[in-house]
Each structure stands twice: as structure tokens, then as C-alpha cells.
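Subject: Handover of a structure

Dear colleague,

Please find below the structure that I am handing over to you. A summary of what was found in it follows.

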Amino acid sequence: TRDLPLVQDILSGLGRDPLNTRVSCPWGGGYGGAVGPSQFIPSTWVLYIPRLQEIFRTYPDPWNPQHAVMATALLMRDNGAAAGGFTAERNAACKYYSGASCQPGRRPANVFYGDSVMVHAEDMQRQIDFLEDVAND
């Protein structure tokens with residue numbers, strides 16, 4: 001009930017038909033209705049509209065990958081990832097997923113998400129390091 005009017009406002013601002021625009025659907029107790037490639041819930045997306053409008057000089061579109069990735073970067077920074085290090089970045093990922101820091105035993109149990117993000121981040125860093133080594137040889 002909180003997000004349906006907001007997604008309708010977002011779609012109206014974009015001139016999109018709400019009956020023909022895809023949003024996520026519920027799975028295993030998860031939230032249905034997240035939008036775009038970064039899967040923002042509408043109530044979070046609307047918080048970033050003013051900042052994104054300032055950056056892009058247009059009404060931000062959560063289905064536009066450039067807008068979605070920028071919003072994700074802003075949200076992760078706001079969630080504390082800019083402090084750097086494993087714990088700050090993992091907690092930012094958990095907050096992105098559920099709004100709460102990574103805390104075992106918490107509901108929702110979001111630690112798995114932060115851990116999986118960090119595995120991907122570590123793999124990407126290894127690949128970057130490898131490419132830097134190859135370029136410097």
C-alpha cells in the first residue's frame with residue numbers, strides 16, 4: 001500500500017503505462033514491486049529523484065541503467081560504503097537489501113546478501129589486480 005501510489009507517480013512522471021511496465025514479483029517472502037535493474041522499491045527511489053535530477057537534468061528513470069547505477073552508487077555511499085573496508089561495504093550491501101546492517105540472527109536474515117556481494121566484489125578486485133599486473137608487464 002505504501003509503494004503502489006509511488007510507482008504510479010514515477011510511471012506518470014515518465015509517461016509510462018502502469019499496466020505495461022514490469023516490476024518485480026514476490027518470491028519466497030521477498031518484496032514484489034521493485035523497479036529497474038537495481039531493483040529499487042519505489043519509496044526508496046523517490047528519495048533519490050531530486051539528486052538524480054540534479055545530476056542528469058531530466059526526470060530519472062529507474063529502468064534506465066545509467067540512472068539506476070548512479071542511484072545505487074548514491075545509496076551505497078549513503079549507507080556507509082564510502083568509509084571503505086570489508087565491514088563498511090558489507091553493511092552497506094545489507095542495508096541496500098533490507099534497510100538494516102548485517103547482523104546474524106536479525107529478521108530479515110540479510111547477512112547472506114552482504115556476504116554474497118562481498119564475494120563478487122573480491123572476485124572483481126582480483127580480476128582488476130590481474131589486469132593491472134598484465135598491463136604493467
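Helices, meaning DSSP runs of H or I with at least four residues, and strands, meaning runs of E with at least two, are numbered from the N terminus. By that definition the protein has 5 helices and 0 strands, and its pattern along the sequence reads α-α-α-α-α.

Please bear in mind that this is a predicted model. The mean pLDDT of the protein is 89, with 92% of residues at 70 or more. Among the elements, helix α3 (residues 65-78) has the highest mean pLDDT, 97, while helix α4 (residues 86-98) has the lowest, 91.

As to overall form, the C-alpha trace spans about 50 × 40 × 25 Å along its principal axes. The protein has 137 residues, of which 31% count as buried. If one takes the contacts between residues at least 6 apart in sequence, 42% of them join residues at least 24 apart.

Helix α3 deserves a description of its own. For its 14 residues, a rise of 1.5 Å a residue gives an expected span of 20 Å, which agrees with the 20 Å between its end C-alpha atoms. At the N-terminal end, N64 acts as a cap to α3, with a side-chain oxygen 2.8 Å from the backbone nitrogen of Q66. After the helix comes G80, which has a positive phi, near 105 degrees. The buried residues of α3 are H67, A68, A71, T72, L74, L75 and M76, and they pack against α2 (42-56) and α4.

Which residues touch the most other members of the largest nonpolar core? They are F40, W45, Y48, L52 and A71, in a core of 13 residues. The elements that contribute two or more residues to this core are α1 (4-14), α2 and α3. Helix α2 gives the most, with 5 residues.

Three individual residues add detail to this picture. In each case, neighbours within four places in sequence are left aside.

- Y48, one of the core residues named above, is in contact with L74, L75 and D78.
- I55 is located in helix α2 and is in contact with M70 and L74. Its relative accessible area is 41%, so I55 counts as partly exposed. I55 and E89 lie 34 residues apart in sequence, and their C-alpha atoms are 24 Å apart in space.
- S38 is found in the loop between α1 and α2. S38 counts as buried because its relative accessibility is 12%, and the cut-off for buried is under 20%. The contacts of S38 are with A68, V69, T72 and Y96.

Finally, the structure holds 1 disulfide. The disulfide is formed by C94 and C102, whose sulfur atoms are 1.8 Å apart. The torsion about the S-S bond of C94 and C102 is about 85 degrees, and the disulfide is therefore right-handed. Is C94 buried or exposed? C94 is buried, and C102 is buried as well.

To recapitulate, the protein has 5 helices and no strands, α2 is the element that gives the most residues to the largest nonpolar core, and C94 and C102 are joined by a disulfide.

With kind regards

Methods. Residues are numbered from 1 along each chain as its sequence is written. This is a predicted model: local features need pLDDT of at least 70, side-chain atom pairs count only at pLDDT 80 or more; totals for chains, interfaces and linings use all residues. Side-chain values use heavy atoms; hydrogens and water are left out. pLDDT is the predictor's confidence in each residue, from 0 to 100. A disulfide is a pair of cysteine sulfur atoms within 2.5 Å. Buried means under 20% relative accessible area, exposed over 50%, partly exposed in between (1.4 Å probe, protein chains only). The expected span of a helix is 1.5 Å times one less than its number of residues. Contact means heavy atoms within 4.5 Å. A polar contact is a pair of N or O atoms within 3.5 Å; within protein, one must be able to donate a hydrogen and the other to accept it, and residues adjacent in sequence count only if both atoms are side-chain atoms. A nonpolar core is a set of buried Ala, Val, Leu, Ile, Met, Phe, Trp, Tyr and Cys residues joined through side-chain atoms within 4.5 Å.
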